[in-house]
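Reader: Please take one part of this chain and look at it closely. I would like the packing, with the cut-offs stated.

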Amino acid sequence: MTKIASRSASTRLASAIPQFALYGETAVAGQDLLHVEDVESRSARYQWEIEPHVHHGLYQVVWLHQGSAQVLLDEHRETVEAPVALVVPPGVVHGFRFAPNTDGAVLTLSARFLLEGEFQAVGEAFRALFLLPSVVRLMSEDSTSQRLSDLFRSLLAEFKMPDAAGAPVTVWLARAVVWRLSQSSAQGQLAQGPRGQNHQALFTRFVLLVEQNFLEHWPLERYASRLGLSIPRLNRLVRSERGISALELIHERLTREACRRLIYIAAPAARLAAELGFDDPAYFSRFFKRRMGVSPQSYRAAHGEQD
């Protein structure tokens, strides 16, 4: 499995990165629990090309049973051959150019997927799988590859039933996909040792709150209050899951967004600073340089003009 952590260069887009629910559909509040469709049903409408876009609060797995695709995950580009799974966490810029007649499926999950029902084991697998964007390669003769194809076929069939998005069988099949994929990666092993369901749910809710509000620069007190926690307890919670403080997690998310916008959006850094919630462009420059080691302008110059 390839975890995409580095920032290779990418061509900067001339306009804002499109934000969708499903590709080509307006993002709306209150996403369904899950959605699944075959690759062809949407990509064939766009000549098998899904241009770079982003989802907020949605997790995706693109499974290729047969065929190939050129893949963009943030600034990482490569060509992949089936069988392969492409893992896309929220906020990751992604795009695909599929070979015609590629066979596969796209599973989209909202965070409610993790918050509803019994999720202790699957919750650990979920966080391990979606920690970073990644490419999970499998061998065609591998039994896991066949099981994943069977799971996706069953999931597609169940999803076509009336009111299937939150039906127990559909949810169980989706969780089986997540669990199986997590087990297929060296970094996707289930965490050892018991963790309480309330602990997992609190951390997941904090991550969701950050995703929804990091551009508004909520103070830690507000996050803690929404979760019914003190600031020290919130920090202990985040450190136990990520090894960093709650504020560092928020700053990490804000920095990641700044990097993406500097590369993908052709707008002055001062305007991007305002869009990122900074009233003072100079303060944004200091914040960015402290975290990345270079100024926003230098980062853009180093990453935005290469192929």
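Author: What follows looks at the nonpolar cores and the last helix, after some background.

This is a predicted model, where local features need pLDDT of at least 70, side-chain atom pairs count only at pLDDT 80 or more, and totals for chains, interfaces and linings use all residues. Residues are numbered from 1 along each chain as its sequence is written, and side-chain values use heavy atoms, with hydrogens and water left out.

Confidence comes before packing. The chain averages a pLDDT of 82 (the predictor's confidence in each residue, from 0 to 100). At least 70 is reached by 83% of the residues. Two stretches stay under 50: residues 6-15 and residues 186-197. The model has 43 contacts beyond four places in sequence for residues 6-15, and 22 such contacts for residues 186-197. A contact means heavy atoms within 4.5 Å.

Now the overall build. The chain has twelve helices and ten strands. These are DSSP runs, numbered from the N terminus: helices are H or I with at least four residues, strands are E with at least two. Of the 307 residues, 50% are buried. Buried means under 20% relative accessible area, with a 1.4 Å probe and protein chains only.

The largest nonpolar core has 39 residues. Such a core is a set of buried Ala, Val, Leu, Ile, Met, Phe, Trp, Tyr and Cys residues joined through side-chain atoms within 4.5 Å. Phe206, Tyr223, Leu234 and Val238 touch the most other members. The elements giving two or more residues are α6 (197-213), α7 (220-227), α8 (231-242), α9, α10 and α11. Helix α9 gives the most, with nine residues.

Take Phe206. Leaving aside neighbours within four places in sequence, Phe206 is in contact with Tyr223, Leu227, Leu234, Val238, Ala246, Leu249 and Ile250. A second core is separate and has 30 residues, including Val136, Leu155, Val171 and Leu208.

Last, helix α12, residues 296-303. Pro296, Tyr299, Arg300 and His303 are buried there. They cover an arc of only 95° around the axis, so they lie on the same side of α12. That arc is taken from the directions from the helix axis to the C-beta atoms. What covers these buried residues? The cover includes α9 (246-264), α10 (269-275) and α11 (281-292). Those three helices also appear among the elements that give two or more residues to the largest core.
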